Amino acid sequence: MKFSKILGFAALLVVLVLQSCDPNAGGEKFGYKAGDYSVYETVAIDSAGRQQGTPTRSTTTVLRTNVSVGGQSDAAELVDSTFGAGGPTVTRTFYRVSNDEVFYYLDTAGIGAVVGALGMGATAPRLTGFTPRWVKSAELKDAAGTMDFPEISFSVSTEQPPLGTVMVTAKIVGRNQGKTAVMINSSTTHQTHRQSQTVTASSTIPLVGNISIPVTTDTYFGIPSTGAPRTIVRTESKATSINIPILGPLALPGSRRTLVSFTPGK
């Protein structure tokens with residue numbers, strides 16, 4: 001039974017890769033510029049944040065800006081490429097920045113790509129209670145927020161032989177955690193705006209029972225006015241553990257994605 005694929009769905013739902021950068025510091029704010037190219041290194045981590053296994057490389061390219069998507073005309077189109085042992089995988093997403101708030105576009109194509117990448121059925125997943133929408137993922141302010149961002153929830157059903165139809169319900173909440181210093185290597189520290197987002201995936205698995213998997217991801221946006229690159233400096237998904245009926249405790253590793261280099265668009 002494909003328990004690992006079902007459990008991994010929670011973590012991959014929040015593959016939220018937001019970046020763009022300008023090399024000039026000063027009074028600039030976080031934003032997007034066509035042609036921006038960022039290189040990242042990703043490692044699996046345990047509950048103590050220690051590296052597990054071999055790192056992988058990924059890149060993010062801002063293809064174009066001022067794209068019309070979901071009723072907004074100021075979106076940026078990004079392509080994220082991950083280079084693993086099985087070859088590269090490519091994800092295309094849309095983001096926008098407005099009044100120091102960052103949004104990503106959650107649509108059926110994006111959810112279908114995640115489910116397909118997990119091998120959860122050869123056909124597109126069926127969605128219930130879902131409407132494509134812009135989801136707030138960041139509030140770039142120095143002071144930590146006192147309220148969560150608007151909650152988003154939806155359900156996905158897929159065919160999982162020999163389990164049959166499996167329904168996964170996801171809930172997404174986030175909050176601004178304020179200004180935070182982040183070290184990206186042994187000698188470089190950047191000031192960032194830290195954002196947290198938690199995806200809780202729940203499902204009832206035949207012959208197993210009810211499971212609920214919360215996965216929290218912290219994203220660190222560089223603050224250009226302090227000299228930091230105007231890009232995502234780090235994204236870290238926390239390791240978690242759950243107790244599955246019949247099977248018992250199960251540990252799910254986290255991941256840390258850290259900026260290696262940045263080339264600005266022209």
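A residue counts as buried when its relative accessible area is under 20%. Keep that cut-off at hand as you explore this predicted model.

**Exercise 1. Get an overview of the chain.**
Find how many helices and strands the chain has, and what share of its residues is buried.

*Solution.*
Step 1: Begin with the secondary structure, which comes to two helices and 15 strands.
Step 2: Turn to burial: of the 266 residues, 47% count as buried.
Step 3: Look at the surface, where the chain exposes about 12400 Å² and carbon and sulfur atoms supply 52% of that area.
Step 4: Finish with the contacts. Take those with a separation of 6 or more; residues 24 or more positions apart account for 60% of them.

**Exercise 2. Follow three strands in a row.**
Work out how strand S3 is joined to S2 and to S4, and which way the strands run.

*Solution.*
Step 1: Locate S2 at residues 51–69 and S3 at residues 72–84; nine bridges join them, and they run antiparallel.
Step 2: Pick out one bridge at the turn, where Val69 has Gln72 in S3 as its partner.
Step 3: Check the hairpin between S2 and S3. Two residues lie between the strands, and Gly70 takes a positive phi near 60°.
Step 4: Move on to S4, residues 87–98, which is antiparallel to S3 and joined to S3 by nine bridges.
Step 5: Here too there is a hairpin, with two residues connecting S3 to S4. Along this pairing, Leu78 stands opposite Thr93 in S4.

**Exercise 3. Decide whether Phe30, Phe221 and Thr231 are buried or exposed.**
Apply the opening cut-off to each residue in turn.

*Solution.*
Step 1: Phe30 belongs to the loop between helix H1 (3–12) and strand S1 (37–45). Its relative accessible area is 8%, so Phe30 is buried.
Step 2: Phe221 has a relative accessible area of 1% and is therefore buried.
Step 3: Thr231 is found in the loop between strand S11 (209–222) and strand S12 (232–237). Because its relative accessibility is 0%, Thr231 counts as buried.
Step 4: Compare sequence with space: Phe30 and Thr231 are 201 residues apart in sequence, while their C-alpha atoms are 6.8 Å apart.

**Exercise 4. Sort the aromatic pairs.**
Describe how the rings of Phe30 and Phe221 meet, and then do so for Tyr105 and Trp134.

*Solution.*
Step 1: The structure holds three aromatic pairs.
Step 2: In one of them, Phe30 and Phe221 are 5.0 Å apart centre to centre, with 80° between the planes, an edge-to-face arrangement. This pair links distant parts of the chain, 191 residues apart: Phe30 in the loop between H1 and S1, and Phe221 in strand S11.
Step 3: Tyr105 and Trp134 form a tilted pair, 5.1 Å centre to centre with 50° between the planes. Here Tyr105 in strand S5 (residues 101–106) is linked to Trp134 in strand S7 (residues 133–139), 29 residues away. Both Tyr105 and Trp134 are buried.
Step 4: Add Tyr32 to the picture: Phe30, Tyr32 and Phe221 form one aromatic cluster.

**Exercise 5. Find the neighbours of two rings.**
Which charged ends sit over the rings of Trp134 and Tyr40?

*Solution.*
Step 1: Over the ring of Trp134 sits the charged end of Arg96, 5.8 Å from the ring centre.
Step 2: Over the ring of Tyr40 sits the charged end of Arg257, 4.1 Å from the ring centre.
Step 3: Tyr40 also leads back to Exercise 3, since a polar contact of 3.4 Å joins the side chains of Tyr40 and Thr231.

Conventions. Residues are numbered from 1 along each chain as its sequence is written. This is a predicted model: local features need pLDDT of at least 70, side-chain atom pairs count only at pLDDT 80 or more; totals for chains, interfaces and linings use all residues. Side-chain values use heavy atoms; hydrogens and water are left out. Helices (H or I, at least four residues) and strands (E, at least two) are DSSP runs, numbered from the N terminus. Buried means under 20% relative accessible area, exposed over 50%, partly exposed in between (1.4 Å probe, protein chains only). Contact means heavy atoms within 4.5 Å. Accessible areas come from the Shrake-Rupley method with a 1.4 Å probe; for residues, only the protein chains shown count as cover. Two strands pair if DSSP finds at least two bridges between them. A polar contact is a pair of N or O atoms within 3.5 Å; within protein, one must be able to donate a hydrogen and the other to accept it, and residues adjacent in sequence count only if both atoms are side-chain atoms. Rings of Phe, Tyr and Trp (its six-membered ring) pair if their centres lie within 6.5 Å; planes under 30 degrees apart count as stacked, over 60 as edge-to-face and the rest as tilted. A charge sits over a ring if NZ of Lys or CZ of Arg is within 6 Å of the ring centre and within 35 degrees of the ring normal.
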